Amino acid sequence: METASLSSTTTTNSSINGMPAPYGRACTNCARAKCRCIYRTGGTDCERCHRLRKECTPSVSVRKRNGKRTHVSRAAQLEAKLEDLVSLLRHQAGPGGKASSPGEPSIASSTPALSAHSASSVAGDNSPHAVPIAVLPPQMPDCASIPGKGRPTPVARGTLLGSVFEPQDMRARSPTPPPAEPPAIPFCTYQPSPFEAADGLLTFRKYMLIFLPFVYLPSNMTEERLRKTYPFLWFSIMTVTSKNVDRRLVMSESVKKFIAQKMVMEHEKSLDLLFGLLVIMGWTHYHIKREKPILSLLASLAKSLVFDLGLNKVPSEPYISACLKTAFHPPPREKTMEERRAVLACFLLTSQISHSLKRLDALTWTSHMEESLQFLTQRREWEGDDLLVAQVKIQLIVEQLNRAISQSLDNAPPSYYLSALHTQLTNIKTQLPSHLQQNDTILSHISYTELAIHEAAVAKPRIPPTTTVPDLQRYAAMEACLNAIKDWFDRHFSIPSYVYIGMTFSYWCHMAHCLLSLYSLSVLDDPSWDRRAVRNKLDLLRICDQLKLGFEEVSAKRRLDSGPTIEEDGFTKFNMMLRTMKSGWSAELAAIDGVDLSQAHSSAEQYLDGNSNELNLPLFHAEDPEAWMAGLFDMNWDP
């Protein structure tokens, strides 16, 4: 008792006279016992070690004092942990759970210094001793990959996590072949021969580019070089220039599947895809189907490619890029001539399709596209650039007209607006280059635009019939429509029939519009309108006969070149269409010449937009205008 009392007195006195060790500098014995370490006054050891007669060894400090921690990004920590996991799985996936071979890097050697921090974070920062990392149980190799082993065993973890975590020895036994390069052209059972490819490229350059010059193909551009430079454009050209209808339809189906695979599944965007889409859209009557029309879809895909490629404007950075401090778009660069032609041709086609189908909007015109138009005007590379510039300028007038019609309350723009548009059209005609002054393509386009402008004037509400003053402005617009139709057909009949193969789908839409407008003027029941004078100036039935003659010549030539086919050629269907329409129109016009005008009046209501007294004739009358137009090219027109 006396000894214990002495010890207690000594400890109490030492606690009073001693000094506690600084934080983190306790001796090893006190640190293990988690006791407070108090140095003795005048001694070199602590009170506890002195009382227990143990060697007092100061602990080594593992903390950094007065220093800043090295900042390690979260991504670097995740990469270090992934490297630890990969090394651990490789180490445990060996046969029988043995250690890796000397040639294979071990966990300790393959883990960088940064991974030590991630491993030590499991045990805690305050522990003076390293805590062993939890080791996964050894995995049995897959018996399916070892000869002579048929008993199923657990699958290695590397095979569950994917080829990234697959052991190296397993890869050596069953190497994974590299992924095949995606095809640059559609897969098709029929591929054109070198002779057919050369002939198709010649046809495209000679007859088709004169109606839609969206790409420049110099004389040294052979079909082999074009296939290497723009493979999808090459295949699209081969499709629309194929003389055999059955082969062309098979190739068209391959083109559609290829577009869906590349643009929807693989999210690819390239100028080659845009060029190919322009070919398919421009001459879509060669492969359009009534039951599944896709012209609106193709136009939407073409516009999306223009947006993704940044051809319509200089892409600006979104607001989120300032927050993330990351650029979403590459630095702007100057557009190439091919890109400028492509975006202008895309506007031209989408605007023409929008005007004909009344379903989708055209590609929005921007200042960047205006700059491309001016650039192409000043630095043209071939005569087709002048033709494309003139076509785009004329179509801009049509686009302004469509916008004015949609914004007006009665679908009739003011007279002064229509007069301004007609003045712009006249200026474009007078400023054409010398080699385009007698160009049938551009002059027929101008005549059709005049028809569209004057039809908008005719569509205005009529003056009530009770008034005695005739609506002279309306009759002047109707006379101007008749003159525009006459000019269009005069230009059309001046073109040789063998050039018909190169005419675009929009051209044939213009022809259908002119025919229906001429019919409405020929049967319009108005006391002040002389229908007999219309027929004397432009006979509808004679126009049908001339069109049928040209279609028959083209059909005979193509049948001779392609041989017998299952499907009928488009020009044969055009001929049947005209034959059916003429048979109905002949009876109506004959009735007009006689006394029974009511029959002609009731029949005309089928073509006039609900009112035979007004010349408000849209191009399509069905609920689905695209399917209706597709029927003109893929319908059984037999009476």
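A residue is called buried when its relative accessible area is under 20%, and because L344 has a relative accessible area of 0%, L344 is buried. That reading applies to a predicted model, and the legends below describe close-up views of that model.

**Figure 1. The whole chain, as context for the close-up views of the predicted model.** The chain holds 27 helices and 2 strands, and buried residues account for 45% of its 639 residues. Of the contacts between residues at least 6 apart in sequence, 71% join residues that are at least 24 apart. The accessible surface of the chain amounts to about 34,800 Å², with 57% of that area belonging to carbon and sulfur atoms.

**Figure 2. Surroundings of L344 in helix α16.** L344, which lies in helix α16, is buried because its relative accessible area is 0%. When residues up to four places away in sequence are not counted, L344 touches W365, M369, S372, L373, L376, L388 and V392. Another residue to locate in this view is N312, which is 32 residues from L344 along the chain, with the two C-alpha atoms separated by 8.9 Å.

**Figure 3. Surroundings of D385 in helix α18.** D385 is found in helix α18, which covers residues 383-407, and its relative accessibility of 0% is why D385 counts as buried. Once the neighbours within four places in sequence are left aside, the contacts of D385 are with M337, R341, L376 and R380. L376 also appears among the residues touched by L344.

**Figure 4. Helix α13 and the helices that pack against its buried residues.** Helix α13 runs over residues 271-282, and because 12 residues at 1.5 Å a residue should span 16 Å, the 16 Å between its end C-alpha atoms agrees with expectation. The helix is mostly covered, with 12 of its 12 residues buried; among them are L271, D272, F275, M281 and G282. The buried residues of α13 pack against α9 (194-208), α11 (231-240), α12 (245-265), α14 (295-309), α16 (337-357) and α22 (505-523).

**Figure 5. The ring pair of F489 and F493, and the cluster that includes both residues.** By the pairing rule used here, the count comes to 23 aromatic pairs. F489 and F493 form a stacked aromatic pair, with 6.0 Å from centre to centre and 20° between the planes. Both residues lie in helix α21 (residues 472-493), where they are 4 residues apart, about one turn of the helix. An α-helix has 3.6 residues a turn, so residues three or four places apart point the same way. The two members of the pair are nevertheless assigned to separate exposure classes: F489 counts as buried because its relative accessibility is 0%, whereas F493 counts as partly exposed because its relative accessibility is 25%. Ring pairs link F489 and F493 with F211, W488, Y500, Y507, W508, F551, F571 and F574 into a cluster.

**Figure 6. Two arginines with their charged ends over aromatic rings.** The charged end of R227 sits over the ring of W234, at 4.3 Å from the ring centre. In the second panel, the charged end of R340 sits over the ring of F375, at 4.1 Å from the ring centre.

**Figure 7. Surroundings of L540 in helix α24.** L540 has its place in helix α24, which covers residues 540-562, and L540 counts as buried because its relative accessibility is 0%. Leaving aside neighbours within four places in sequence, L540 is in contact with L515, L518, Y519, S522, W585 and L589. For one of these partners, L589, the separation from L540 is 49 residues in sequence and 9.4 Å in space, taken from C-alpha to C-alpha.

**Figure 8. Residues 26-56, with K34 and R53 as two residues of positive phi.** UniProt, in an unreviewed entry, places the feature "domain: Zn(2)-C6 fungal-type" at residues 26-56. In the model this span is 39% helix and 6% strand, and its end C-alpha atoms lie 10 Å apart. K34 has its place in the loop between α2 (28-33) and β2 (38-39), and K34 has a positive phi of about 55° although it is not a glycine. At 78% relative accessibility, K34 counts as exposed. R53 has its place in the loop between α3 (47-52) and α4 (74-92), and phi of R53 is near 60°, likewise a positive value in a residue other than glycine. At 79% relative accessibility, R53 counts as exposed.

Key: Residues are numbered from 1 along each chain as its sequence is written. This is a predicted model: local features need pLDDT of at least 70, side-chain atom pairs count only at pLDDT 80 or more; totals for chains, interfaces and linings use all residues. Side-chain values use heavy atoms; hydrogens and water are left out. Buried means under 20% relative accessible area, exposed over 50%, partly exposed in between (1.4 Å probe, protein chains only). Contact means heavy atoms within 4.5 Å. The expected span of a helix is 1.5 Å times one less than its number of residues. Rings of Phe, Tyr and Trp (its six-membered ring) pair if their centres lie within 6.5 Å; planes under 30 degrees apart count as stacked, over 60 as edge-to-face and the rest as tilted. A charge sits over a ring if NZ of Lys or CZ of Arg is within 6 Å of the ring centre and within 35 degrees of the ring normal. Accessible areas come from the Shrake-Rupley method with a 1.4 Å probe; for residues, only the protein chains shown count as cover. UniProt positions are given in the numbering used here, feature names are shortened, and annotations may be inferred rather than shown by experiment.
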